[in-house]
Amino acid sequence: MTVNKDMSIGQVLNMDPATANIFLGFGMHCLGCPHAVGEAIKDACAAHGTNADELVEKLNAYFAQKA
């Protein structure tokens with residue numbers, strides 16, 4: 001499965017909990033918050049001043065190397 005900016009953080013974490021390290025690396029330290037888990041990646045990035053395209057690229061690279 002390919003990650004996109006409209007997916008929620010929770011969806012990605014459910015695909016692989018180890019992706020939490022990638023989110024943390026992008027300054028998203030509130031992964032346990034109910035709102036954050038249901039928030040779209042693009043919205044979370046906007047709130048944290050982070051580039052959503054870079055985050056999605058890093059997440060997809062992570063999943064590609066696991067395949």
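Is Q65 buried or exposed? With a relative accessibility of 54%, against a threshold for exposure of over 50%, Q65 counts as exposed. The model discussed here is a predicted one, and the sections below go from helix α5, where Q65 lies, to the core, to helix α4 and then to the salt bridges.

## Helix α5 and its two faces

Helix α5 has 15 residues, which at 1.5 Å a residue should span 21 Å, and the distance of 21 Å between its end C-alpha atoms agrees with that expectation. At the N-terminal end of α5, N51 acts as a cap, with a side-chain oxygen placed 2.8 Å from the backbone nitrogen of D53.

The buried residues of α5 are A52, L55, V56, L59, Y62 and F63. Viewed down the axis of α5, these buried residues fall within an arc of 120°, so they line one face of the helix. An α-helix has 3.6 residues a turn, so residues three or four places apart point the same way. The buried residues of α5 pack against α1, α2 and α4, while the face turned away from the buried side carries the exposed residues E57, A64 and Q65. Between the C-alpha atoms of Q65 and G49, which are 16 residues apart along the chain, the separation is 27 Å.

## The nonpolar core

The largest nonpolar core comprises 20 residues, and the residues with the most contacts inside this core are F23, I41 and L55. Two or more residues of this core come from each of the elements α1, α2, α4 and α5, and α5 gives the most, with six residues.

The surroundings of L55 can be listed in detail. Leaving aside residues up to four places away in sequence, L55 touches I22, F23, F26, M28, I41 and C45. Two of the partners of L55 in that list, F23 and I41, are also named with L55 as having the most contacts inside the core.

## Helix α4 and the segment before α1

In helix α4, which runs over residues 41-48, the residues I41, A44 and C45 are buried. These three cover an arc of only 100° around the axis, which puts them on the same side of α4. The cover over the buried residues of α4 includes α1 (9-15), α2 (20-25) and α5 (52-66), whereas the face of α4 turned away from its buried side carries the exposed residues A46 and A47. After α4 comes G49, whose phi is positive, near 65°.

S8 is placed in the segment before α1 and has a relative accessible area of 13%, which lies under the 20% limit for burial. Residues up to four places away in sequence set aside, S8 touches V37, G38, E39, A40 and I41, the last of these being one of the buried residues of α4.

## Salt bridges

The count of salt bridges comes to three. In one of them, D53 pairs with K5, with the closest N and O atoms 3.1 Å apart; this pair links distant parts of the chain, since D53 is in helix α5 and K5 in the segment before α1, 48 residues apart. Both partners are partly exposed, D53 with a relative accessible area of 49% and K5 with 34%.

Another salt bridge joins K42 to D6, with the closest N and O atoms 2.6 Å apart. K42 lies in helix α4 and D6 in the segment before α1, so this pair ties together parts that are 36 residues apart in sequence. K42, at 38% relative accessibility, counts as partly exposed, whereas D6, with a relative accessible area of 53%, is exposed. In the remaining salt bridge, D16 is paired with K66, and the closest N and O atoms are 2.5 Å apart. Here too distant parts of the chain are linked, with D16 in the loop between α1 and α2 and K66 in helix α5, 50 residues apart. D16 is buried, with a relative accessible area of 7%, while K66, at 49% relative accessibility, counts as partly exposed.

Terms used
Residues numbered from 1 in each chain as written. Predicted model: local features only at pLDDT ≥ 70, side-chain atom pairs only at ≥ 80, totals over all residues. Heavy atoms only, no water. Buried < 20%, exposed > 50% of the residue type's maximum accessible area, 1.4 Å probe, protein only. Helix = DSSP H or I, 4+ residues; strand = E, 2+ residues; numbered from the N terminus. Arc of directions from axis to C-beta. Contact = heavy atoms within 4.5 Å. Core = buried A, V, L, I, M, F, W, Y, C linked by side-chain atoms within 4.5 Å. Salt bridge = Lys/Arg side-chain N within 4 Å of Asp/Glu carboxyl O. Expected span 1.5 Å × (residues − 1). Polar contact = N/O pair within 3.5 Å; in protein donor to acceptor, adjacent residues only side chain to side chain.
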